[in-house]
Amino acid sequence: MSRDGTGSSAAHDGDRAPPARRARLTRPRVLATAVALVDRDGLAALTMRSLATELGVEPMALYRYASGKQALLDGMVEAFCAEVNERLGLAADSGPADATVSADWRAELHRVVNVFQAVAEAHPRVFPLVVTRPLDVPLTRRSTAALRLNEHVLALLTQAGLDDRATLRLYRAVVGWTTGYLLVDRRQVVDNPDEPEPLLRLGLHRLPVTEYPRLRALAGLLADHDPEVELAAGLDILLDELGKPPQR
């Protein structure tokens, strides 16, 4: 009908997105929504169009915050690292000197790894991107959130009294162990969550015992391991072996 607000305009009100979905777009909101979409529906469900639908906007509105899907993937890594930093209490607007080092650097490093593990468990479908996307992004082009987390870990390891070469070796070992362990742990997908018998719960009963005797024998440990304890134990082994300061 007319534009006086009593006809077609009123009819269109029902088609509009709810007020909460029409909140002002920001990069953190766009990335948080992308993470939530992937958490819920998986990575294959993420497109510029599907994300726009979640946000209640036209797809073109998103290109101000991400140039395409690849940029969204990098952005989700940024959001992941930002969540880790927030849980650690690392200020988003502080300089490198603010990467405060605890008197007990090993305890603080364990806290960093525990928080990283918790965020990985909160976003299991996003976590693999944290491992794979940096392979395509030069160090200096990574997000401030990722660089700040790297700087904090390096600052902690520096307290071990190692030279620069040994510090980097230990840094790579800690990052490799943490991300590698979490990736392997993610692969242990339960086949039947309601099955009390470990062999059946993991679906290992389908494997011929003559061909896979060790996998079947380890079913109980595979099903009931404590990832937090195992991750911490492996970290301590690395720190004991590679974190020793040089003898003078």
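A residue is called buried when its relative accessible area is under 20%, exposed when that area is over 50%, and partly exposed in between, with a 1.4 Å probe and protein chains only. The areas themselves come from the Shrake-Rupley method with a 1.4 Å probe, and for residues only the protein chains shown count as cover. The structure above is a predicted model, in which local features need pLDDT of at least 70 and side-chain atom pairs count only at pLDDT 80 or more, while totals for chains, interfaces and linings use all residues. Residues are numbered from 1 along each chain as its sequence is written, and side-chain values use heavy atoms, with hydrogens and water left out.

The secondary structure of the protein consists of 12 helices and 0 strands, where helices (H or I, at least four residues) and strands (E, at least two) are DSSP runs numbered from the N terminus. Read from the N terminus, the order of elements is therefore α-α-α-α-α-α-α-α-α-α-α-α. Of the 248 residues of the protein, 37% count as buried.

Helix α7 is a convenient element with which to begin. It covers residues 144-158, and because each of its 15 residues is taken at 1.5 Å, it should span 21 Å, which agrees with the 21 Å between its end C-alpha atoms; the expected span is 1.5 Å times one less than the number of residues. The buried residues of α7 are Ala145, Ala146, Arg148, Leu149, Asn150, His152, Val153, Ala155, Leu156 and Leu157. An α-helix has 3.6 residues a turn, so residues three or four places apart point the same way.

Val153 of this list also takes part in a contact across the sequence, since its C-alpha atom is 7.9 Å from that of Val112, although the two residues are 41 residues apart along the chain. Val112 belongs to helix α5 and counts as buried because its relative accessibility is 5%.

Other buried residues can be followed in the same manner. Val126 sits in the loop between α5 (105-122) and α6 (127-132), and at 1% relative accessibility Val126 is buried; its C-alpha atom is separated by 7.9 Å from that of Phe80, a residue 46 residues apart from Val126 along the chain. Val35, in helix α2 (residues 27-41), is buried with a relative accessible area of 8%, and the C-alpha atoms of Val35 and Leu72, which are 37 residues apart along the chain, are separated by 9.5 Å. Ala173, in helix α8 (residues 164-187), has a relative accessible area of 19% and therefore counts as buried; between the C-alpha atoms of Ala173 and Leu239 the separation is 9.2 Å, with their positions 66 residues apart along the chain.

The charged side chains come next. Side chains of opposite charge can pair when their charged atoms come close. A salt bridge is a side-chain nitrogen of Lys or Arg within 4 Å of a carboxyl oxygen of Asp or Glu, and by this rule the count comes to 8 salt bridges. In one of these, Arg27 pairs with Glu78, the closest N and O atoms being 2.6 Å apart. This pair links distant parts of the chain, with Arg27 in helix α2 and Glu78 in helix α4 (residues 69-88), 51 residues apart. Both partners are partly exposed, Arg27 at 31% relative accessibility and Glu78 with a relative accessible area of 22%.

Another salt bridge joins Asp74 and Arg133 at 2.8 Å, N to O, and this pair too links distant parts of the chain, Asp74 being in helix α4 and Arg133 in the loop between α6 and α7, 59 residues apart. Asp74 is partly exposed at 29%, whereas Arg133 is buried at 11%.

In a further pair, Asp240 meets Arg106 with their closest N and O atoms 3.0 Å apart. Because Asp240 lies in helix α12 and Arg106 in helix α5, the pair ties together parts that are 134 residues apart in sequence. Asp240 is partly exposed at 37% relative accessibility, and Arg106 is partly exposed at 24%. Salt bridges that share partners also join Arg40, Asp41 and Glu54 into one network.
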